[in-house]
Structures are given as C-alpha cells and as structure tokens.
Amino acid sequence: MKRINFLIFLIVAGVFAQDQKDPKEYSIEQFYENTRVGGGQFSNDESKLLISSDESGIFNVYEINLADGSRTAITNSENESFFAVDYVPNSDDILYSADKGGNEISHIYLLKPDGTSKDLTPGEQEKVNFAGWSGDNNYMYYTSNKRDPQFFDLYRMKVGTWEPELLYENKEGYSISGISDSGKYLALSQPITTSENKLFLLDRESGEMTEISKPGFSYSPTGFNKEETEFYYTTNHGGEFSRLMTFDLNTQESEVLYETNWDVMYSSLSKNDTYRVIAINEDGANKLVMRNTSTKKKMELPEIPDGNIVAANFSDSENLLRLTIGTSRTPNNIYVYNLKSKKLKKLTNTLNPDIDPDDLVSAEVVRYKSFDGLEIPAIYYKPLNATADNKKPALVWVHGGPGGQSRVGYFSLIQYLVNHGYAILAVNNRGSSGYGASFYKMDDKNHGEKDLQDVIYGKKWLESQDYINKDQIGIIGGSYGGYMTMAAMTFEPDEFEVGVNIFGVTNWLRTLRSIPPYWESFKNALYEELGDPNTQDSIRLRKISPLFHAENVKNPIMVLQGANDPRVLQVESDEIVEAVQANDVPVNYVVFPDEGHGFVKKENEIKGYGQILTFLDKYLRDEDVSLPEKTLKD
C-alpha cells in the first residue's frame, strides 16, 4: 500500500510540476519552420516514398530513400504548391497535382526523370481528381468536369500515350466514389442532405444499377476486393455510428465486417487482399486496427503515445505499411512499418529542432453541459504555467464545416497561441461529426442559434476554471468557424472581448448562391441543411447572416481572407470589415492575393497568424503593442 501511495504521489507531483512549468516562448517564424508532409506512395521497387512537403516554404514533391531516410526534392516550385500523387506503374515517371493560387481548379501533371513536365488535363477550367490505377496498371483513372462544369465524369488514360477516354458520363450529378480494378463496377453516391445520401453500384457492362442504401442514413464506399466479388462501405444504418459492411455482388446481401461504439473512418485492403486496415474515430483521434483477412485475426501494430494515425498505405508487395502519424505536440510524421520484421522506422522529423516539445501542450478531451443539458465534447489546451495565481486569457476555437470536428492533433497556430499564454477550448458544438448521427443532425436549419449557445457555454466552462481571466475571453475560427465567430460578435455582442474571423461566411445568401459549379451535386444537400436562398428560407438566412446586423458589433475583430477563395468570396470579408468599421470598432484586416480557402504558403501564415497574436495581445490582454494603422490588403 505504501508503494502504491508513493507512486500516486510521484504521478501527482509530475502533473503539478508540468502545470507549474514556465515554458520557453517561441516566435511565429519558429513555429512555421515546422514542416508539413503528406502522401507517401511507394516506388515501384519499394526503395523510396513519394511525399509532399512544404519545407521550401510552399508544397513541393520529394522522395525519401527508405534505406537511409535521405530526402530529395523532385520539384522546386516557388509560386504554386505541387502535391505528390503517385509513381507511374513500372516506370520512373511521377504524377503530381497543382492549382493556381488556391483557386481549387486542380490539374494532374506528368513529371519525367529529366525534369520536364506535362499537364495531362490542360482545360483552363477543368478540375480533376486522381482516382487510382487499373488492376493491371495499364490505365490511370481520374474524374473531370471538362464536359460539364457542374458534374464530374470518369475518364481513363492509357499509361504512355496519356490520351483521355471517357468511361462514364455523369449526367445525374452523382459523386463517383469507387472504381473496381477492371473498371467494370462503379460506386456512385447521391447526396440528399449532409447527413443522408444514396449509394449505388453500377455495372458498366450491363448498365444495371443497384441501390445499396436505405433512406435516412449516411453511406461511404471503401472499395472492392481484387476478385470483384465484394464491395465494402461504411454506414450508420442500424445505429448511431458508422460501421464497416461488405456487400456480396452475387447474392446482393450485406453483412457487418466491423463495428464499435465510434465511427469507422476508413478502411482499405492491401494489394492482394491479405491485410485490411480499419481506422476508428475514437473521441477525436484515429485508432488503427489491422487484420489478416484469411484468419480474421487482429494483428499488432506499434504504439506511439498520443499518436493520431492520419493515413495508412500498403506497398504492393504487402511487406511494408506506410503510416502518417501526428500527436498534439508534434506535426504529422511519416513512418514505415515492416510487417515481417515488426520494425517501425521514422522517416521525417517535422517539428522544428529549435522547439522543445516539452514546451508545448498535450491536447485533453473535456466535456461540458450546454444550455439545455446536452453534453458537448471539446479539445482543450491549457498553458503549462496557468495557475490561480497566474491567470491566463482564453479563446474558444470553432471548427469549420458545418459538420466538421475539432480533433486531437497538431496545429501550429494553436500551439503558438498556447505557448504565448492563451488557453484554447476547441469546441465540438452540436452538428459536429464523430459523436453519432443524432448529434450531427442537431444543427440542421438551426445554425447560429443553438450551436452558437454551445460555443457560449464553452466560454462559461472556461470562466469556471480558476486560472482563466474571466474578462479576457475571445473567439476564433475558420470557414464555418469564422461564421460562428462573427455570429457571436453580432448576435451575442457582450459575450466575447474579441473575435478572429478566418475566411468566414458573413452573408449566407451570397455564399449559397455563389457555390462553385463543381459543387452542384452537393448543393441541394447544403440547401437542405442550411436553407435554400431562393425560397422562403432566405428570410431566415438573412436573419442569421452577420453582415446584415453588423451594427451590433462593438468589440474588436480581426479578419483574414484569401483573394482566390472560391467558397467564401473576398467580397464577404470586404463588406463585413467595412460595416464594422462604420461602428468605430477596431478592425484588423489581412488579405492574401495568392491564397484560397486555407493558407498554404509559410510566408503568408507567418504574416497572418503572427498578427493574430499581436491583435490578441492588444485587445484581449490590453498590452501596449502596435498594429498596422490601415487595413492590410497585400
């Protein structure tokens, strides 16, 4: 008993010591000297990985040598971000994708070993998405809206000749979300609402269309087996959470493959169907399960403390598994796990070596009651040296969407603000994904109302912490979170001392009427959830749009916007800034001419996000710091 008590003492003392730590503060430049990585496709001989990395300041394509971990830049773009797609089968050629300044009109490019590249999809307004390789590796599948800007058709190109061939003309506005190896079967999805869709299987040879879905539920395809006898999908039909299902193409019957008390996020098979990985969204973090498909036995995977497995990919030999894993204190890193030797090899070190991870904060999952007693989950970041005698300011962070989720993971801006003394509560208000179908639907046609109250009750939870300065609580969010920020500043103007709106919607009528044409198949689902701006719903949409009530704003705001944003047009931010300035309320406005809906260039992130801290220090902490006198538009 004495030994147990002593261990408890050591644990408590350790926690107390961490709370008392006075962390070293790091600059915004140091935080954005971290590296973001993505992708991770194996080369044909499985000696290298193809990844995307922004170590140059914007995203470029790199190769990692698996033997020694060395990294080589394959592209050297200085203006546009290039994202790795894959190696071309049986060659040294590479595919990558890029758009123009964040406009989301992405093309696929072929890069040769001699450094020359060719745009395989050169239509000026043609938006394309890579959709995989045929089972025999002779063709590349991709979707394109060049025929009709509103809908994506399915094409293939023969490797080597690269001439487009139309496989499926999508006149009904389906989402093409799965292709069997031979191209015979297509999985087609039709959105009904943001929480309901129909799922079909099309036999391209016979033309037969089979509906798998039942009304009122959500479905997501996860692929076919190699023999094309089974189709896999996830659905919340039969419960609150999505489970993995198999559909027998011969008997036309479905059965459960895997279920738990959280959503199955995704699942995939190895090249020869020997292994299956299943990712579960467990309270805001991904957990991975791997099984041998013949024995059905669960296989052991290496554990990484605080690890959030973002993605997984098998090599064609099925000997190697690429894992992309992050923690709340370190950005995503790429690992390779050898299934034979059981050895895990870390291939990237994305955290700036000047930053000690012990100076950063581990995310904590908390829950609090909202105005009606509903339990709201949230991800919490508490400054290490916050105490009742050393009170800290705080921010409520609201995720994008609607329907997104704040998750356990690394975000440089959050860690930067926490490192400089701001507690952050990232709320998962009603309408967020990951907590069951009923919770997800709770904000339908109720945006800016009950979900806003969830946010305000998050503020009340912060106020209840004895180390939070109750008079220094602000709100921050991007996209839909930016909308919620402005809704709070407009409809509850006494609640938050400041608001930081990152490319947020302020005029729902304009946003819903200016949806990009390639969102046409999803537009009706958005209208079903938010309201149709061309009907009587426009009355409510005007009521919940901050722009039309900007005279209520009385506390300082900051707005950040990308000029090329196709989702939330710059005019939205221009107008709300002008309207709030008319109240003689301090406004700090930053516009980036070379960004879209989300900032990807380090130079811009350093400038914009660094200015967020200055804004907060001035208007939340009441410190004597300087901000630009004029609106920034460069």
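**Salt bridges, surface charge and backbone features of the predicted model**

The structure holds 26 salt bridges. It is a predicted model, and the description below moves from these charge pairs to the overall fold, the surface and a few backbone features. Side chains of opposite charge can pair when their charged atoms come close.

A convenient place to begin is the pair formed by K48 and E63, whose side chains meet in a salt bridge with an N to O distance of 3.5 Å. This contact links distant parts of the chain, with K48 in strand 2 (residues 48–53) and E63 in strand 3 (residues 60–65), 15 residues apart. The two partners are covered to unlike degrees: K48 counts as partly exposed at 26% relative accessibility, whereas E63, at 14%, counts as buried.

A second pair joins two loops. E205 forms a salt bridge with K184, and the closest N and O atoms are 3.8 Å apart. Here too distant parts of the chain are linked: E205 sits in the loop between strand 15 (196–203) and strand 16 (209–211), K184 in the loop between strand 13 (175–179) and strand 14 (185–193), and 21 residues separate them. E205 is exposed, with a relative accessible area of 65%, while K184 is partly exposed at 22%.

The third pair, D454 with R430, offers a view of buried charge. Their side chains meet in a salt bridge of 2.7 Å, N to O. The bridge connects helix 5 (residues 450–463), which carries D454, to the loop between strand 32 (423–427) and helix 4 (437–441), which carries R430; the two residues are 24 apart in the chain. D454 has a relative accessibility of 0% and therefore counts as buried. R430 has a relative accessible area of 3% and is likewise buried. Beyond such pairs, salt bridges also link R36, D54, K602 and E605 in a network.

Turning to the fold as a whole, the protein chain contains 11 helices and 36 strands. Its radius of gyration is 25 Å, close to the 26 Å that the globule rule gives for 634 residues, so the chain is as compact as a globular protein of that length. Along the principal axes, the C-alpha atoms fill a box of roughly 70 × 65 × 55 Å. Of the 634 residues in the protein chain, 56% are buried.

Helix 3 is a good illustration of burial at the level of a single element. Eight of its eight residues are buried, so this helix is largely enclosed by the rest of the structure. The buried residues of helix 3 are S412, L413, I414, Q415, Y416, L417, V418 and N419. The backbone on either side of helix 3 also deserves a look. In the loop between strand 31 (392–398) and helix 3 (412–419) lies P402, which is joined to G401 by a cis peptide bond with omega of about 0°. Just after helix 3, G421 takes a positive phi of about 100°.

Most residues other than glycine have a negative phi, and most peptide bonds are trans. Against that background, two further loop residues stand out. E228 is not a glycine, yet its phi is positive, at about 60°. It is placed in the loop between strand 17 (219–224) and strand 18 (230–235), and E228 is buried, with a relative accessible area of 13%. K342, also not a glycine, has a positive phi of about 65°; this residue lies in the loop between strand 27 (333–338) and strand 28 (343–346).

On the surface, D471, E497, D622 and E623 form a negative patch. One of these residues, D471, belongs to strand 33 (residues 468–478). D471 has a relative accessible area of 60% and is therefore exposed.

A last acidic residue, D316, is found in the loop between strand 25 (308–314) and strand 26 (320–326). With a relative accessible area of 49%, D316 is partly exposed, the cut-off for an exposed residue being over 50%. D316 and S270 are 46 residues apart in sequence, while their C-alpha atoms are 7.3 Å apart in space.

Note on methods
Residues numbered from 1 in each chain as written. Predicted model: local features only at pLDDT ≥ 70, side-chain atom pairs only at ≥ 80, totals over all residues. Heavy atoms only, no water. Patch = residues over 30% accessible without salt bridge, like charges linked within 9 Å, V, L, I, M, F, W, Y side chains within 5 Å. Areas by Shrake-Rupley, 256 points an atom, 1.4 Å probe, with all protein chains shown as cover. Salt bridge = Lys/Arg side-chain N within 4 Å of Asp/Glu carboxyl O. Lys, Arg positive; Asp, Glu negative; His and termini not counted. Charge placed at Lys NZ, Arg CZ, Asp CG, Glu CD. Helix = DSSP H or I, 4+ residues; strand = E, 2+ residues; numbered from the N terminus. Buried < 20%, exposed > 50% of the residue type's maximum accessible area, 1.4 Å probe, protein only. Rg over C-alpha atoms; globule rule 2.2 N^0.38 Å.
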